[in-house]
Amino acid sequence: MHIRTAAMADLAAITAVESACFPAAEAATEADFKARLSVYPDHFWLLEDESGTIVSFVDGLVTDEPTLRDEMYSDASFHDESGAWQMIFGVNTLPAHRRQGLAEQVLRRVIADAKAQGRKGCVLTCKDKLIHYYGKLGFVNEGVSESVHGGVVWYDMRLTF
Ligand SMILES: CC(C)(COP(=O)(O)OP(=O)(O)OC[C@H]1O[C@@H](n2cnc3c(N)ncnc32)[C@H](O)[C@@H]1OP(=O)(O)O)[C@@H](O)C(=O)NCCC(=O)NCCS
């Protein structure tokens, strides 16, 4: 297994993993990823298996804004390379590869890179069933998010370095 950053050539593969992992109302679209990849390809962490297939990935922009807002998902112009907070938008592992610690491996790399880049920490939103999962990595639950993404309830989670 190998973790690398992304390039525009990964667009179709990334979009396919996302749609295998999230319902349509929540999944980022190919257009969203195209915009993200054109602005912050280095803020994608793609985990490939031995054959070069992307089986798990994390992405998200960097900003001085401390809270993840829904507008950030589809507007890559919120990215500020020198920003304080690494946002985490999607955490995705293909169904056949789950429960092997792959997402954790990717998240630990994201956290290590954000630390090395001098960020204040990492921010994400998640559903209630995953609060404990991110908690194991040090994220603290800040309560129900203002997000209306996909019409479900999200929780604001923050890991401060
Ligand atoms: C959430 C998601 C990213 C997790 O991916 P994953 O690669 O399976 O994650 P991990 O393997 O690191 O951990 C998942 C669980 O497997 C467990 N696990 C890890 N390695 C394991 C192993 N070898 N054997 C058994 N269980 C294992 C973890 O402890 C964790 O259990 P927990 O939920 O009780 O804490 C994946 O299920 C997914 O893509 N879901 C759909 C999209 C989604 O909801 N994303 C999150 C949005 S906030």
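From the N terminus on, the elements of the protein follow the order β-α-α-β-β-β-α-β-β-α-β-α-β-β, with five helices and nine strands in total. Helices (H or I, at least four residues) and strands (E, at least two) are DSSP runs, numbered from the N terminus. The radius of gyration, taken over C-alpha atoms, is 14 Å, close to the 15 Å that the globule rule gives for 161 residues, so the protein is as compact as a globular protein of that length. The globule rule is 2.2 Å times the number of residues to the power 0.38. Along its principal axes, the C-alpha trace spans about 40 × 30 × 30 Å.

The structure is a predicted model, in which local features need pLDDT of at least 70 and side-chain atom pairs count only at pLDDT 80 or more, while totals for chains, interfaces and linings use all residues. Residues are numbered from 1 along each chain as its sequence is written, and side-chain values use heavy atoms, with hydrogens and water left out.

One open sheet contains four strands in the order 1-2-3-6, with antiparallel pairing; two strands pair if DSSP finds at least two bridges between them. Strand 1 (2-4) and strand 6 (90-93) stand at the edges with a single partner strand each, so one side of each lacks a neighbour in the sheet. From one strand to the next, the twist averages 15°. Strand 2 (residues 44-48) and strand 3 (residues 54-59) run antiparallel and are joined by five bridges; Leu47 stands opposite Ser56 in strand 3.

Helix 1 lies across strand 2, strand 3 and strand 6, at about 90° to strand 3. Axes are lines fitted to C-alpha atoms, for helices over the stretch in contact, and angles run from 0 to 180 degrees between N-to-C directions. Helix 4 (residues 102-116) lies across strand 1, strand 2, strand 3 and strand 6, and runs at about 35° to strand 3.

A second group of five strands forms an open sheet in the order 4-5-7-9-8, with mixed pairing. Strand 4 (62-63) and strand 8 (140-144) are its edge strands, each pairing on one side only. Six bridges connect strand 7 (residues 121-126) with strand 9 (residues 155-160), and these two strands run antiparallel. Val123 has Arg158 as its bridge partner in strand 9. Helix 4 packs on this sheet as well, touching strand 5 (85-88), strand 7 and strand 9, and its direction makes about 160° with that of strand 5.

The axes of helix 1 (residues 11-21) and helix 2 (residues 30-39) come within 10 Å and cross at roughly 130°. At the contact (heavy atoms within 4.5 Å), Leu11, Ala12, Ile14, Thr15 and Glu18 of helix 1 meet Glu30, Phe33, Lys34 and Leu37 of helix 2.
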